[in-house]
Amino acid sequence: VLAALVGMVIIGGIKRIGKATSKIVPLMCGIYILASIFVIVMHANLVPALLMQIVSEAFSLQAGVGGLVGVLVVGVQRAVFSNEAGVGSAAIAHAAAKTKEPVREGVVALLGPFIDTIVICLMTALVVLITGVTTNPAFEGIEGAALTSKAFGSVLAWFPYVLSLAVFLFAFSTMVSWSYYGEKAWEFLFGRRSTLLFKVLFLICVFIGSVVNLGAVLIFTDIMILCMAFPNILGCILLSGKVKRALDNYWWRFKAGEMEVQREIPRPIFPNLQEMPSEDSAVR
């Protein structure tokens, strides 16, 4: 069913499903944040101690015992689950934006990691720690979305149903967007005519991922995404000087008031007149 729904969007061209998802997902995100705030406010007295626990354990000696490589692997895994930071995939979507200022689009892109990680993931961590599901023997062996569902369900009995729908919609919208990323990469390597083959392979992987063991899927995904991260991070380092110059130039023009203001050019009163208002006059 999931592969069929994704196929209807990426092969069948039924964009209505994608558009509906793009409207429902923000709503689900809003409900999730409100529920998280409710749980956190109900146990506000525990929040300072839990924040201290998160920070202290993140920088403890025990956290670094795994070695540099282990930290990098786990760090990239969790970063990708959170906001795709460092992988280079989100840049494909932002590159499709119509703008004359790439730096401005980059600033917009920074909102993604902030909302995903600093807001939503932190709220999730606090809810899980507040409700104590990680130390409850009854929930031993449960992890991921199931553990989050148990945490919310211990305070809001009805929320696991909403969370199930939200997880499905998040997963569906992610698959549609990642199919676009893969299609662009495939098109670059093999040409536009063969993109249908990629879409078919993508749907086969969606079906396989839905029926095999979740652990195997996550391990395979982590390895493949890690392979994406290293060349992308290397590219970011090599291009950092160019990015810095572009940012400095953009910031200088912004402060100097030289940033172009885009406005609609007025239509001429007499269309037959050859003299048209110049772009400068239209902007003024």
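The following paragraphs describe a predicted model of a single protein chain, from its overall fold to its interior and its surface.

The protein chain contains 13 helices and zero strands, so that its pattern along the sequence is α-α-α-α-α-α-α-α-α-α-α-α-α. Of its 284 residues, 24% are buried. The accessible surface comes to about 19,500 Å², and carbon and sulfur atoms account for 70% of that area. When contacts between residues at least 6 apart in sequence are considered, 70% of them join residues at least 24 apart.

Confidence should be considered before any detail is read. The mean pLDDT of the protein chain is 81, and 82% of the residues reach 70 or more. Helix H10 has the highest confidence, at a mean of 93, whereas helix H13 (residues 279-283) has the lowest, at 38. Over residues 268-284 the pLDDT stays under 50, and the model has eight contacts beyond four places in sequence for this stretch. Where pLDDT is low, predicted coordinates should not be read in detail.

The interior may be approached through its largest nonpolar core, which has 20 residues. Within this core, Tyr32, Ile40, Leu126, Val127, Ile130, Phe152 and Phe159 touch the most other members. Two or more residues are given to this core by each of H2, helix H3 (47-58), helix H7 (111-131), helix H8 (145-153) and helix H9 (159-190). The most come from H7, which gives six residues. Leu126 illustrates the packing: leaving aside neighbours within four places in sequence, Leu126 is in contact with Ile40, Val47, Leu50, Leu51 and Ile54. Another core, of 12 residues, lies apart from the largest one and includes Phe172, Met175, Phe198 and Val206.

Ser36 offers a second view of the interior. This residue lies in helix H2 (residues 15-42). Ser36 counts as buried because its relative accessible area is 0%. Beyond its neighbours within four places in sequence, Ser36 is in contact with Met123, Val127 and Phe152; of these partners, Val127 and Phe152 are among the core residues that touch the most other members.

The surface also has a nonpolar feature. Ile11, Leu196, Leu197, Val200, Leu201, Ile204, Phe207, Ile208, Val211 and Val212 form a nonpolar patch there, with about 880 Å² of accessible area together. One of these residues, Ile208, is found in helix H10 (residues 195-211). Ile208 is classed as partly exposed because its relative accessible area is 42%. In soluble globular proteins, nonpolar side chains tend to be buried together.

Technical notes
Residues are numbered from 1 along each chain as its sequence is written. This is a predicted model: local features need pLDDT of at least 70, side-chain atom pairs count only at pLDDT 80 or more; totals for chains, interfaces and linings use all residues. Side-chain values use heavy atoms; hydrogens and water are left out. Patches are made of residues with over 30% relative accessible area and no salt bridge: like charges are joined within 9 Å, nonpolar side chains (Val, Leu, Ile, Met, Phe, Trp, Tyr) within 5 Å. Accessible areas come from the Shrake-Rupley method with a 1.4 Å probe; for residues, only the protein chains shown count as cover. A salt bridge is a side-chain nitrogen of Lys or Arg within 4 Å of a carboxyl oxygen of Asp or Glu. Helices (H or I, at least four residues) and strands (E, at least two) are DSSP runs, numbered from the N terminus. Buried means under 20% relative accessible area, exposed over 50%, partly exposed in between (1.4 Å probe, protein chains only). Contact means heavy atoms within 4.5 Å. pLDDT is the predictor's confidence in each residue, from 0 to 100. A nonpolar core is a set of buried Ala, Val, Leu, Ile, Met, Phe, Trp, Tyr and Cys residues joined through side-chain atoms within 4.5 Å.
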